[in-house]
Amino acid sequence: MDLKEQNWQNFITNHLRDWQGIWTRYSPEGEIIESFQSLRSFRSNPEQTEIYQTNRYTYADGRIEEKNWQSNKRDKIQSDGMVHSAFPSMRSFFFEEGAAGWSATQLEPGSIFQPAEFFFMHEDIRHSVAIIYQGNGNLMRMTSIREDAVEFPSKYWSKSVNLLPERDLSGNWQGTSVTMTPDLKVSQPIQTQLQWPLLENKTFFFPDGISLSCPTKLNIGNSFTIAANWLVTDSQLQQLNVKYDKEGVYSGLTLEIFQLSNI
């Protein structure tokens with residue numbers, strides 16, 4: 001199976017479900033902008049060559065907004081990632097384990113841009129974190145999305161939407177790391193240990209074990225890394241990070257899976 005076919009198959013295997021969730025958007029200061037109910041539904045034809053996506057948002061005032069996309073495999077899979085249904089300049093990268101990321105291929109100064117949306121999965125639960133920047137490079141907002149493919153509301157979420165002041169990720173976290181390059185090649189796993197938080201980034205702690213480390217301002221001319229992680233259990237952690245080079249070009253997505261060691 002070639003690499004773009006593998007990327008497509010990883011998406012089909014793990015994400016072709018009805019994901020019911022809660023979106024909460026935050027300002028750069030950590031204040032809640034809004035929180036609302038969601039459904040992100042992904043279906044396919046029997047041959048799995050057509051994808052039908054529905055996003056439905058139910059807001060606090062009762063208003064319902066729905067968006068629908070239909071795309072075919074021939075147009076969607078590319079050698080540099082799967083084309084985003086709503087933003088053709090973005091690509092998606094899917095690991096076999098279920099974790100994934102959306103990224104812009106090239107950051108364009110002067111326009112609002114989204115350098116990353118990270119997806120974490122464990123069984124029927126999916127968490128994602130999206131980051132958006134203004135045209136001047138200032139952080140615009142972050143969004144935490146908690147989703148369950150079985151029931152709503154989920155028994156695995158709290159009702160909290162406020163950011164936490166801190167989260168203890170100290171200890172001897174040991175694990176493996178793999179990186180997917182822009183041409184979809186996945187490196188061999190290497191042994192690694194948790195590096196958190198990232199220097200020069202600001203850290204945000206969302207409810208239910210999700211943390212984000214990102215710059216508050218991006219400048220073309222400086223390379224940067226954005227990372228997020230999910231504390232699945234007290235001793236299990238998933239982490240994703242995306243890197244951009246000095247020209248604002250996407251240069252890779254890394255998945256790290258850790259266990260807390262008592263040694």
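These exercises walk through a predicted model of one protein chain, each with a worked solution.

Residues are numbered from 1 along each chain as its sequence is written. Because the model is predicted, local features need pLDDT of at least 70 and side-chain atom pairs count only at pLDDT 80 or more, while totals for chains, interfaces and linings use all residues.

**Exercise 1. The whole chain**

Find how many helices and strands the protein chain has, and what its radius of gyration is.

Solution.
- Start with the elements: the protein chain has two helices and 18 strands. Helices (H or I, at least four residues) and strands (E, at least two) are DSSP runs, numbered from the N terminus.
- Next, take the radius of gyration, which is 18 Å, close to the 18 Å that the globule rule gives for 263 residues, so the chain is as compact as a globular protein of that length. The radius is taken over C-alpha atoms, and the globule rule is 2.2 Å times the number of residues to the power 0.38.
- Then look at the extent: the C-alpha trace spans about 50 × 45 × 45 Å along its principal axes.
- Finally, buried residues make up 50% of the 263 residues. Buried means under 20% relative accessible area, exposed over 50%, and partly exposed in between (1.4 Å probe, protein chains only).

**Exercise 2. An open sheet**

Work out the order of the seven strands in the open sheet, and which strands stand at the edges.

Solution.
- Read across the sheet: the order is 13-12-18-17-16-15-14, with antiparallel pairing. Two strands pair if DSSP finds at least two bridges between them.
- Now go to the edges, where strand 13 (190-193) and strand 14 (202-205) each have a single partner strand, so one side of each is left without a neighbour in the sheet.
- Last, check the turn: neighbouring strands of this sheet are turned by 20° against each other on average, direction ignored. The axes are lines fitted to C-alpha atoms, for helices over the stretch in contact, and angles run from 0 to 180 degrees between N-to-C directions.

**Exercise 3. Around strand 17**

Describe how strand 17 pairs with strand 16 and with strand 18.

Solution.
- Begin with strand 16 (residues 224-233), which pairs with strand 17 (residues 236-244) in the antiparallel sense over nine bridges.
- Follow the connection: a hairpin joins strand 16 to strand 17 through two residues.
- Pick out partners in strand 17: Gln236 is the bridge partner of Thr233, and Leu237 stands opposite Leu231.
- Turn to strand 18, which pairs with strand 17 in the antiparallel sense over nine bridges. Here Gln238 has Ile257 of strand 18 as its bridge partner.
- The hairpin of strand 17 and strand 18 has five residues between the strands, and Gly248 takes a positive phi near 80° there.
- To finish, seven of the nine residues of strand 17 are buried, so this strand is largely enclosed by the rest of the structure.

**Exercise 4. Backbone details in loops**

Locate the cis peptide bond between Trp196 and Pro197, and say whether Glu200 is buried or exposed.

Solution.
- Keep the background in mind: most residues other than glycine have a negative phi, and most peptide bonds are trans.
- The cis bond that joins Trp196 and Pro197 has an omega of about -5°, and Pro197 sits in the loop between strand 13 and strand 14.
- Glu200 is also placed in the loop between strand 13 and strand 14. Its phi is positive, about 75°, although Glu200 is not a glycine.
- Glu200 is exposed, with a relative accessible area of 82%.
- Another cis bond runs from Phe152 to Pro153, with omega near -5°. Pro153 is found in the loop between strand 11 (139-148) and strand 12.

**Exercise 5. The largest pocket**

Give the volume of the largest pocket and the make-up of its lining.

Solution.
- The space in the largest pocket is about 840 Å³. On a 1 Å grid over the protein atoms alone, a pocket is an open set of points with protein on both sides within 12 Å along at least five of seven lines, and lining residues have an atom within 4 Å of a point. Grid points are joined across faces, edges and corners, and a volume is the space filled by probe spheres set on the points.
- Of the 42 lining residues, the closest to the centre are His84, Ala86, Phe87, Gln114 and Glu117.
- By class, the lining has 22 nonpolar, 11 polar and nine charged residues. Ala, Val, Leu, Ile, Met, Phe, Trp, Tyr, Cys and Pro count as nonpolar, Asp, Glu, Lys and Arg as charged, and the others, Gly among them, as polar.

Key: Side-chain values use heavy atoms; hydrogens and water are left out. On a 1 Å grid over the protein atoms alone, a cavity is a set of points where a 1.4 Å probe fits but cannot get out, and a pocket is an open set with protein on both sides within 12 Å along at least five of seven lines; lining residues have an atom within 4 Å of a point.
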